[in-house]
Each structure stands twice: as C-alpha cells, then as structure tokens.
Amino acid sequence: MAEPIAEPTTEPNGGDRVARSRPVAVTIGRRPEPVHDVAVYAFEGMAPFELGVVVEVFGLARPELGGLLAAPWYGLKVCADRPGTALDAVGGFALTARHGLDDLAAADTVVIPGVRNAFSGVGAPGGVSPGLVEALRTAHERGARIVSICSGAFALAAAGLLDGKEATTHWRYAELLQQRYPRVRVNPDVLYVDHGDVLTSAGSAAGIDLCLHLVRRDHGAKVANSVARRFVVAPHRDGGQAQFIEAAVRPVEEDEDGVARSMQWALDHLSEPLTVSALARAARMSDRSYLRHFTARNGTSPMRWVVTQRIAAGLALLETPEGTVEEIAAAVGFESAATFRHHFGRVMRTSPTAYRRSFGRGVA
C-alpha cells in the first residue's frame, strides 16, 4: 500500500525560505521511490492554453489508473522568474507561480510552453530571460528532460540545447527560428521531435501530443490511452509525421448509418480477415455507399483505418515479453510478419523490434 511521506525541501515565500514537503511514494517492504518532478515555466503575458495542457496531463490526480501504474505519478511545479508575483495572462486574468527558477533547474522534466516576444518579427530581440537560459542549461547538464511547446523552442535554442539537432515549432515561426538560430535544423512539418533528453513540439495543440508521448515513454501505452480518454482526445493524430507516437484505438459511438456499428464489429474481429465488403455487411450498406459514408465520417478509408487499429492492438502486445513478432502479427490480423513490419514502420517510423526494445515492460 503506497502512502506519501514528507521529504524536506524549500521554496521561496516572500523572500524567506520555508520548509515544504515533497511527495515520496512508499511501499511497505520496499525502498521509497521518488515522484518524477515536472516543472513548467510561467511568464508575464503568456497564453494560458499551453500551461493548462501541462497541468491537465501532469498535475491532476489519476485515481482511474489504479493498478496500471508501476511507478508514482508526477509532481508538478509552476515556476517563474519571480515567484509570488502576479503574472498577467492573455484573457484578462492573472496567475501566481509559487516556485522559482531554482526549482525549475532541479526538476526531472522541464516544460517551456512559450516565450514572450520570441516571434515579434524577423530580427526582433528574443524575449528569453537570462535567468531562464541559465536554469535550462543547469537542468540539462544534470540530466533533466527538456521539453518545449510552440514558441518555447526559442528558449531551448537560446540556451544552446538545440544546436546541431532537428527541432520544430509552430509553422508560423519556423522560418524565424531558423534565421535566428542557424545551427538548429528546423522541421516545420512534424507534430514533435524527440531526442530523448530534448523534445520540441509544434503549435499549442501539438503540446497535447507531446505530453501524451512523454506519459507513454514513462508509463506505457495503456496509461497514455487512459489519460487521453480523460482528456477526450486520441493519443495519436494521423498525418505521416516522423515522430514516435502511438496510434491508439479510439472509442466508437453508435450512429444511425451503421458505420460506427461496423467499426466496433471490426475491433472485435481484428484477428480475422477483414474486407470492405465484410465491413459494409456489418453496417447493412452497399460497398459503394459504405465507402462514401466511412470516409466522410473518419477522414480515411476503411482499410487504412483497420491497419491503424491492428498496429494499435499490436503495441500493447509488444510491450510484454510474451510472443514473437510473427505471433503478434498473426494475433492482430496481419497475413505475415513482413506485412506487419511494413505497415508498422509506415505509421510508427520504427520497427516492431525497436519499439519493443524501447517500450517493452520486462523485455530484455
């Protein structure tokens, strides 16, 4: 039975240092396992959406995860250059961060959701504070994971953390990022880029994709799926982006034309041969009408959707040590391991074996 205990730490409070407690997970008979600290940066004039994404993913209690978690959930700290000072946000309200840049530099994962005036025009001076640059360098040197959302990439670049690396930001600011930091290889065509210790994402909503990707890296696909369902988003957005993301099975709701009924039927029969005609019969429609309705409803073809769902079903199997790639391919309905590898590589931009090596639980 895990219970939180207090671990002494400090934080600024009106210029004084006062004792605080940091949660530590304790299981009877085992050594305490510290919570993974996530620090997110807040600043004057920030848009609140990206900050809210980080709080939603890492700051909420997760009782619905139950026994899915093999490690404690995250601890979240909102940090600012001057803690305790009200920060005006876009939309006519203010927020106050309790923690300073020392806490940000000491976190396990640091998230920069944006930087002030970073994209005010080509050649304009950057809005990254020297204190933030120093905190980012300190965090990176001690092995923290550094993450940016949207224009937050400008802060990472200012700290030199993107030199020689591929990175992304909002497509509107990609040209400026490239001009201002020519040593960065800017790719405006992806949702996010993961270098392990440094990660960047595109516009604000892409921050959701990247945060869910971090959860999957830390806790596995099942936990990431559960967080995405509570978020009411899909853990993966199709589009051929070259990043390491999960194509998860989305819940299907009933509809009047039978397409949803056929989708649920397909999910129940993934291991069997599936054709457009079989799906159309499940929907009680002609093949031609079914193709038209399915594409209008889902934005993709029936068989492409089936392939994505089969790959998603294969992810959970690859995260366990049981079964060879050939056996998993057959279990999720691919006619051969070669076909499974081909489609897996197209969607996931990696191989089943490499995925298992990276995300397998208890897999050597």
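In the predicted model, Tyr-181 counts as buried, its relative accessibility of 17% falling under the 20% cut-off. The residue is found in the loop between helix 5 (174-180) and strand 11 (185-186). When neighbours within four places in sequence are left aside, Tyr-181 is in contact with Phe-154, Ala-157 and Ala-158. For one of these partners, Ala-157, which is 24 residues apart from Tyr-181 along the chain, the separation of the two C-alpha atoms is 6.7 Å.

The chain as a whole contains 14 helices and 13 strands, and 49% of its 364 residues count as buried. Among contacts in the chain with a separation of 6 or more, 60% are accounted for by residues 24 or more positions apart.

In soluble globular proteins, nonpolar side chains tend to be buried together. The largest nonpolar core in this model comprises 72 residues, of which Phe-58, Leu-104, Ile-112, Leu-132, Leu-136 and Val-215 touch the most other members. Helix 6 gives the most to this core, contributing 7 residues. The surroundings of Leu-136 can be listed in the same manner as those of Tyr-181: with neighbours within four places in sequence set aside, Leu-136 is in contact with Val-110, Ile-112, Ile-146, Ala-155, Leu-156, Ala-159 and Leu-161. A second core, separate from the largest one and made up of 16 residues, includes Val-307, Leu-318, Phe-340 and Phe-344. Val-307 is also touched by Arg-346, which in addition touches Arg-304, residues up to four places away in sequence not being counted. Arg-346 itself is found in helix 13 (residues 337-348) and is partly exposed, with a relative accessible area of 27%.

Helix 7 (residues 221-231) is largely enclosed by the rest of the structure, because 8 of its 11 residues are buried. These buried residues are Ala-221, Val-223, Ala-224, Asn-225, Ser-226, Val-227, Ala-228 and Phe-231, and they pack against helix 1 (48-58), helix 6 (206-219) and helix 14 (352-359). Ser-226, which lies in helix 7, is buried with a relative accessible area of 8%; outside its neighbours within four places in sequence, Ser-226 is in contact with Glu-64 and Leu-65. Helix 7 is followed by Val-232, a residue whose phi is positive, near 60 degrees.

Two packed helices are described by the angle between their axes and the distance between the axes. For helix 6 and helix 7, the angle is about 145 degrees and the axes are 7 Å apart, and the crossing is right-handed. The contact is made by Ile-208, Leu-212, Val-215, Arg-216 and His-219 of helix 6, together with Ala-221, Val-223, Ala-224, Val-227, Ala-228 and Phe-231 of helix 7. By class, these residues of the contact of helix 6 with helix 7 are 9 nonpolar, 1 polar and 1 charged. Val-215, on the helix 6 side of this contact, is also among the residues that touch the most other members of the largest nonpolar core.

Helix 9 (residues 276-283) packs against helix 8 and also against helix 10. The axes of helix 8 (residues 259-268) and helix 9 come within 7 Å and cross at roughly 125 degrees, and the two helices are therefore oblique to each other. Their crossing is right-handed. In this contact, Val-259, Arg-261, Ser-262, Trp-265 and Ala-266 in helix 8 meet Ala-278, Leu-279, Ala-282 and Ala-283 in helix 9, and the residues involved divide into 7 nonpolar, 1 polar and 1 charged.

Helix 9 and helix 10 (residues 287-298) pack at an angle of about 85 degrees, with their axes 9 Å apart, which makes helix 9 roughly perpendicular to helix 10. Here Val-276, Ser-277, Leu-279, Ala-280 and Ala-283 in helix 9 meet Asp-287, Tyr-290 and Leu-291 in helix 10. The contact of helix 9 with helix 10 has, by class, 6 nonpolar, 1 polar and 1 charged residues. Leu-279 and Ala-283 of helix 9 thus take part in both contacts, that with helix 8 and that with helix 10.

Technical notes
Residues numbered from 1 in each chain as written. Predicted model: local features only at pLDDT ≥ 70, side-chain atom pairs only at ≥ 80, totals over all residues. Heavy atoms only, no water. Buried < 20%, exposed > 50% of the residue type's maximum accessible area, 1.4 Å probe, protein only. Helix = DSSP H or I, 4+ residues; strand = E, 2+ residues; numbered from the N terminus. Contact = heavy atoms within 4.5 Å. Axes fitted to C-alpha atoms, helices over the stretch in contact; angles between N-to-C directions. Parallel < 35°, antiparallel > 145°, perpendicular 65-115°, else oblique. Left-handed = near helix turned anticlockwise from the far one by under 90°. Nonpolar A, V, L, I, M, F, W, Y, C, P; charged D, E, K, R; others polar. Core = buried A, V, L, I, M, F, W, Y, C linked by side-chain atoms within 4.5 Å.
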